[in-house]
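Please work through the exercises below with the sequence and the structure in view, and try each task before reading its solution.

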Amino acid sequence: MSERHTRTCHLCEAMCGLVVTTEAGRVTDIRGDKEDVFSRGHICPKAFALKELHDDGDRLRVPLRRRGNDFEEISFEQAIEETTDRFAAIQRKHGKDAVGTYIGNPSAHNHGTILMGTVLSGVLATRNRFDANSQDANPKLFASLRAFGDLLSMTIPDVDRTRFFLAFGANPVASNGSIMTLGDVRGRLNGIRARGGSFVVVDPRRTETAKIASEHLAIRPGGDAAFILAMLRVIFDEGLLDREALGRTTRNLAALERATEPFTPARVAARVGIEAERIADLARRFATTKPAVAYGRIGVCQNEFGVLASFLIEALNVVTGNFDTPGGAMFTEPAIDLGPIARRFGVQGAGHHVSRVRKLPEVGGNLPAAAIAEEIETPGEGQIRGFLTIAGNPVSSVPNGERLRRALSTLELMVSVDIYLNETTRHAHLILPPCSPLERGHYDLIFCALAVRNVAKYSPPVLPPKEGSREDWDILYDIATGLLAKRSLPQRLEALSGPLGRLFAGIKPRSETVLDLLLRAGPHGLRSARRLDLAKLRAAPHGVDLGPLRPMGKERVRTPDGRVELGPVDVLRDAARVDRWLDEAPRGLVLIGRRHVRSNNSWMHNLTSLTKGPTRTALFMNPADAASRGIKSGDRVRVRSRVGEIEVGVEITDDVRPGVASLPHGFGQSAVRDHLRVAGALDGASMNTLTDDEWLEPLSATSILNGTPVRVDRVAEVSVDAE
Ligand SMILES: Nc1nc2c(c(=O)[nH]1)N[C@H]1C(S)=C(S)[C@@H](COP(=O)(O)OP(=O)(O)OC[C@H]3O[C@@H](n4cnc5c(=O)[nH]c(N)nc54)[C@H](O)[C@@H]3O)O[C@H]1N2
Ligand SMILES: Nc1nc2c(c(=O)[nH]1)N[C@H]1C(S)=C(S)[C@@H](COP(=O)(O)OP(=O)(O)OC[C@H]3O[C@@H](n4cnc5c(=O)[nH]c(N)nc54)[C@H](O)[C@@H]3O)O[C@H]1N2
Ligand code: SF4
Ligand SMILES: [Mo]
């Protein structure tokens, strides 16, 4: 007898509703849920891969302990005991900071990891906490902190109602959207044009998104800050703003105006690679179309002016009157509001402490992951000797991954909570695998807060957990309580007096119990007419639509006087660096990243349904750049940067602008081909062997992963007769 289950896909940010059919404990079919209130039946090819992931023989089911060069299976009890014994001993001997942690991307898609990871962090109490955001959204968080007074007051483009969507450095047709959760990306983006609106993409590559846009501007990597400064300059010069209204809702408009002075379109055009008249024309159209919204993502966050450019995007929306208004840049009102919870746990801002070796600032409590290697390598008090990775693959996702790989192999103890033995976890002494995602419940704590409509969905487990298996939530709870038990009584009492102390007072709570409490306490909970709780969500398998975004500025702008800050001194000061950049000659060939709808960061390449077909790991080069190096499509090339070199195949395409080459990150698993039998056999190398761990954005210390100067040479063919 087959059973049908509704489920929200947790693989990317889009939150698509699925209907999963099971028969006798096996998944037999996965398709889009046409009745889903948010995604309207849309899915992508990765949804089907959930079945393959569930069945993947390489996915770990039992904890592993390193034994020489190999691993042996052990029980969860043993694995937890050893983990907590050894971490506790390291912390007793060398202090709390001697244990470091890296929490990776899939944890953002797992309410259990978010909640219990926070608890575990509190128990470990180490400053050496790292996460994926220093390769990702920290510039957006930092810009939100400066403009709106809170890291988590992030604006979302109201794409369903806008008439002008201006996207910088994002490829939602491939990524399915980021800090813009929107099921059915193509439908929603096509909708803008169908309504008679415009949709403009600024990206060095003519991406899948650029191909469905009204217009594409092939900017040179890193050019966004200069480009937007020039747009703003036109808007100020031509008076395309309502100064009086802005005087009431913002502060320091004049400082912003002053900062734009050196940046006329004519001055920036050559260096950013877009004609002055196109920049000016875009500025005029953007400022005079209502409503309009500018949006920037990874391409902006990971470039050398990430914070300034991210801030300028917010400023562009504010200055043109497109902030906190339908069709513009809006805040969400999720059923569970993470802001107050994060503040309670000390996520306050940025720069409250710095890393030991390079003095790099924390953002939201996490230090930049580009510093992990040096913190392991450099002796002294606070040196990392023990390391815990949770759903993270930093060897592949952090710049100069080779250096990090070498550093990880020197640790006294490394423990990984992970579902695969891969290029990172192979250095662990212990690997603790959680159950298949289909065996746990799911609520998108983060992405509901970043969605283009307010929505809430809960999915119960599709399949019962296998006997003896554990969720991430359980594993992290066991580590946290195990560590606490090994502390002295006063230390234990101190931990218990903290905000989550009650969790440890009795028996282990279920993550669903916590979700229920948070839903009841939230803005749509017991104090509202809707009275949302978990029972109501369970009774609505296709989700609960909480309506379109509504103006929330009064609550979300948390600056001292409630007005938007348009002149943050440290951010605007960075315009001087842009000024110098404009006088520099372009840096030869530079490397940028690329995402494909059939791939997901570093970890879904072991699933045949996603990797079959043409190779997707080639270096894209513009015909002019290839010709000048004597390179033809299909050639093998050596790509070299300051920190490393790799060999890859080449695909020649004028989709990338001259001077730019593009490569996806997260590939190169051949060293673990025995454990990742599909991924390990793929052609491809890790892009982060080339990215530079010393090249960081100065304000937020975010890794600059787009724009790496590289040298590309054809690899001479080894000819058999040429002996
Ligand atoms: N050059 C370059 N580098 C980049 C990027 C780029 O664009 N270019 N992008 C950056 C960005 S935006 C991000 S977010 C990071 C992502 O980098 P990471 O944070 O390292 O995340 P992933 O690469 O997704 O790796 C996820 C790990 O979690 C494991 N895993 C998967 N599901 C689960 C689960 O349910 N539970 C547990 N415990 N483990 C699980 C996988 O096996 C894998 O080891 O990469 C960054 N690195
Ligand atoms: N299929 C799939 N979906 C994913 C992921 C995945 O790996 N695969 N990863 C998920 C994660 S962790 C994230 S954070 C999101 C990211 O979501 P997106 O931000 O949409 O990610 P990308 O597709 O990498 O798009 C970034 C774009 O920036 C461009 N770019 C590079 N440098 C510059 C620059 O200097 N300026 C400008 N203007 N553009 C530039 C690149 O050419 C690229 O097209 O996607 C998520 N969704
Ligand atoms: S777009 Fe994202 S959420 Fe939707 S099915 Fe694909 S991977 Fe899952
Ligand atoms: Mo990301």
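Three exercises follow, each with a worked solution.

This is a predicted model, in which local features need pLDDT of at least 70, side-chain atom pairs count only at pLDDT 80 or more, and totals for chains, interfaces and linings use all residues. Residues are numbered from 1 along each chain as its sequence is written, chains are lettered from A and ligands numbered from 1 in the order in which they are written, and side-chain values use heavy atoms, with hydrogens and water left out.

**Exercise 1.** Find which strands form the open sheet with parallel pairing, and state which of them are the edge strands.

*Solution.* Begin with the order, which is β11-β10-β9-β13 in this four-stranded sheet; strands are DSSP runs of E with at least two residues, numbered from the N terminus, and two strands pair if DSSP finds at least two bridges between them. Next, look for strands that pair on one side only, and you arrive at β11 (215–217) and β13 (292–296). Then take β9 (residues 164–168), which is joined to β13 by five bridges, and note that L166 has A294 of β13 as its bridge partner. Finally, turn to helix α14 (residues 306–319), which packs on the sheet by touching β9 and β13, its direction making about 175° with that of β13. Here contact means heavy atoms within 4.5 Å, while axes are lines fitted to C-alpha atoms, for helices over the stretch in contact, and angles run from 0 to 180 degrees between N-to-C directions.

**Exercise 2.** Explain why one side of β5 and one side of β7 are left without a neighbour in their sheet.

*Solution.* First write down the order of the seven strands, β5-β4-β19-β18-β17-β6-β7, which form an open sheet with mixed pairing. Because β5 (70–73) and β7 (129–131) stand at the edges and each has a single partner strand, one side of each has no neighbour in the sheet. As a last step, follow β6 (residues 99–103), which runs parallel to β7 and is joined to it by three bridges, and find T101, whose bridge partner in β7 is R129.

**Exercise 3.** Locate a cis peptide bond and a residue with a positive phi that is not a glycine.

*Solution.* Recall first that most residues other than glycine have a negative phi, and most peptide bonds are trans. The cis bond joins K290 and P291, with omega about -10°, and P291 lies in the loop between α12 (276–288) and β13. The positive phi, about 55°, belongs to R40, which is placed in the loop between β3 (26–32) and α1 (45–55); helices such as α1 are DSSP runs of H or I with at least four residues.
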